[in-house]
Amino acid sequence: MAASMSRCKLRILLKKYDNRHVLKLLSNSYTVESGYQNNGSSKKKTHFGFQSVTEEEKEEKVYSVFKNVADKYDLMNDAMSGGIHRLWKDHFIRRLNPKQGTKLIDVAGGTGDIAFRFLKYACTENNGNLNDFDFTSDFSAEDFEMPDFESEQLLGNQEHTSHVTVCDINQSMLEVGQGRASQAGINQGISWLKGNAESLPVQDNTFDAYTIAFGIRNCTHIDKVVEEAYRVLKPGGRFMCLEFSRVPNPLIRRVYDEYSFQVIPVLGQILASDWDSYKYLVESIRQFPCQEDFKTLIQTCGFSAVTYENLTFGVVAIHSGFKL
Amino acid sequence: MALPLTRICRAIIQTTRRSTQLSSLYCTQSSEDRKKQFDKSLLEILVCPLCKEPLRYDEQKNELISDKIGVAYPIVNGIPNLVPQDARVLKESTGS
């Protein structure tokens, strides 16, 4: 009786939502007939770094990578980039230039780097004055610190208060971010949410801005991520993506490739005891579309005025688009 | 070229030491914060990721319920988990 009820429920849900997540959800609770599993999407092949895996395997493997690296994520970012990732993120927020009262969703933002920078920028008196804004730009081991916040800056009228919702698929990364927020004394203006970027648990037309930094290349279906971004943004809202990209200059690209494949996995092994995860991370960069192809994809998903800006010889790029 | 490399290596080692201290502090913090409360203001924007309908907060079971399709999403350490494959299908006989 229970089995027939579950199959009945499964048929109803599949008919309505036609979502492969439904299959996985219900297969956790009930035995699913093999026919239902064979709808094609979960068996499709995709890349995990340079490996070929099914889409279902990729989600699990990516989850496992970030669960393994969560504790050392911030340290490794500093080590791999020589601290330059901080400059990239500082510049990213400057480009976003959020005003007070902005509602932001930061997707794949587990440890809170973008969220904390956003709150600091949007809540300070120097808001809008790029030259006077004080970002810590020099890398130093003694400066391994979180941004300083005055809690009074984050209190006040909810409508005029900037707020960031940090969404990530990985619980470990979110808990690291929560810990950092507690450490910095941030207890308002930020919410934490575990969710899938391809199927955000958020109403339409909710946010003023959507950011995703160094996360989209880990998603199985990049087009679905961008479509969801379009859905959850208000009209006039801005999509911004910071991601590793293609280096146009062949000589610089050669040096960058050597550094990526010869040095980064070694650093991963020394500092995080995890060669494989960092090998995946450098391979995944090479699988991501180039600047122009990603720009085209963003336009296809409905965004207008799509532009991109290369940083550090094209090692990373900031893509931006508006929901008009 | 050698000088910046030496500085970077020294910085990495110092950062590792500092990070180890901070990591142990984080462990203490996260164990203390295990009973973090769910931020109810999120209910204004959250929907079921499958059917995109509003969710109901069950404070007793600490779950978010999608009455439309009959699934429950857990809240872990105050963080709502709205990943579909982590949800629990509600039994037909009971509403919660």
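A residue is called buried here when its relative accessible area is under 20%. The structure described is a predicted model.

**Chain A overall**

Chain A contains 13 helices and 9 strands. Of its 324 residues, 56% count as buried. The accessible surface of this chain amounts to about 14200 Å², with 49% of that area belonging to carbon and sulfur atoms. Among contacts in chain A between residues at least 6 apart in sequence, 74% link residues at least 24 apart.

**Confidence**

The average pLDDT of chain A is 78, and 73% of the residues reach a score of at least 70. Two segments in which pLDDT stays under 50 are listed below, together with their contacts beyond four places in sequence.

| Segment of chain A | pLDDT | Contacts beyond four places in sequence |
|---|---|---|
| Residues 1–8 | under 50 | 3 contacts |
| Residues 23–41 | under 50 | 35 contacts |

**A covered helix**

Helix α7 of chain A spans residues 113–123 and is mostly covered, with 10 of its 11 residues buried. The buried residues of α7(A) include the nonpolar A:I114, A:A115, A:F116, A:F118 and A:L119. A:D113 and A:R117 are buried in this helix as well, as are A:Y121, A:A122 and A:C123.

**Nonpolar cores**

The largest nonpolar core has 43 residues, and the members touching the most others are A:I105, A:Y210, A:I216, A:V226, A:F239, B:L64 and B:Y73. At least two residues of this core come from each of β3 (103–107), β6 (207–213), α10 (222–232), β7 (233–244) and α13 (291–300) of chain A, and likewise from β3 (71–76) of chain B. Helix α10(A) gives the largest share, 5 residues. Apart from this core lies another, of 34 residues, which includes A:L96, A:A115, A:V164 and A:L174. A:A115 is also one of the buried residues of α7(A).

Leaving aside residues up to four places away in sequence, A:Y210 touches A:L104, A:I105 and A:V107, along with A:L200, A:V225, A:A229, A:V232, A:L233, A:R238, A:F239 and A:M240. Two of these partners, A:I105 and A:F239, are named with A:Y210 among the core members that touch the most others.

**A nonpolar surface patch**

A:V266, A:I270 and A:W275 form a nonpolar patch of about 280 Å² on the surface. A:V266 is located in helix α11 of chain A, which covers residues 250–272. Because its relative accessibility is 32%, A:V266 is classed as partly exposed. In an α-helix there are 3.6 residues a turn, so residues three or four places apart point the same way.

Key:
Residues are numbered from 1 along each chain as its sequence is written. Chains are lettered from A and ligands numbered from 1 in the order in which they are written. This is a predicted model: local features need pLDDT of at least 70, side-chain atom pairs count only at pLDDT 80 or more; totals for chains, interfaces and linings use all residues. Side-chain values use heavy atoms; hydrogens and water are left out. Patches are made of residues with over 30% relative accessible area and no salt bridge: like charges are joined within 9 Å, nonpolar side chains (Val, Leu, Ile, Met, Phe, Trp, Tyr) within 5 Å. Accessible areas come from the Shrake-Rupley method with a 1.4 Å probe; for residues, only the protein chains shown count as cover. A salt bridge is a side-chain nitrogen of Lys or Arg within 4 Å of a carboxyl oxygen of Asp or Glu. Helices (H or I, at least four residues) and strands (E, at least two) are DSSP runs, numbered from the N terminus. Buried means under 20% relative accessible area, exposed over 50%, partly exposed in between (1.4 Å probe, protein chains only). A nonpolar core is a set of buried Ala, Val, Leu, Ile, Met, Phe, Trp, Tyr and Cys residues joined through side-chain atoms within 4.5 Å. Contact means heavy atoms within 4.5 Å. pLDDT is the predictor's confidence in each residue, from 0 to 100.
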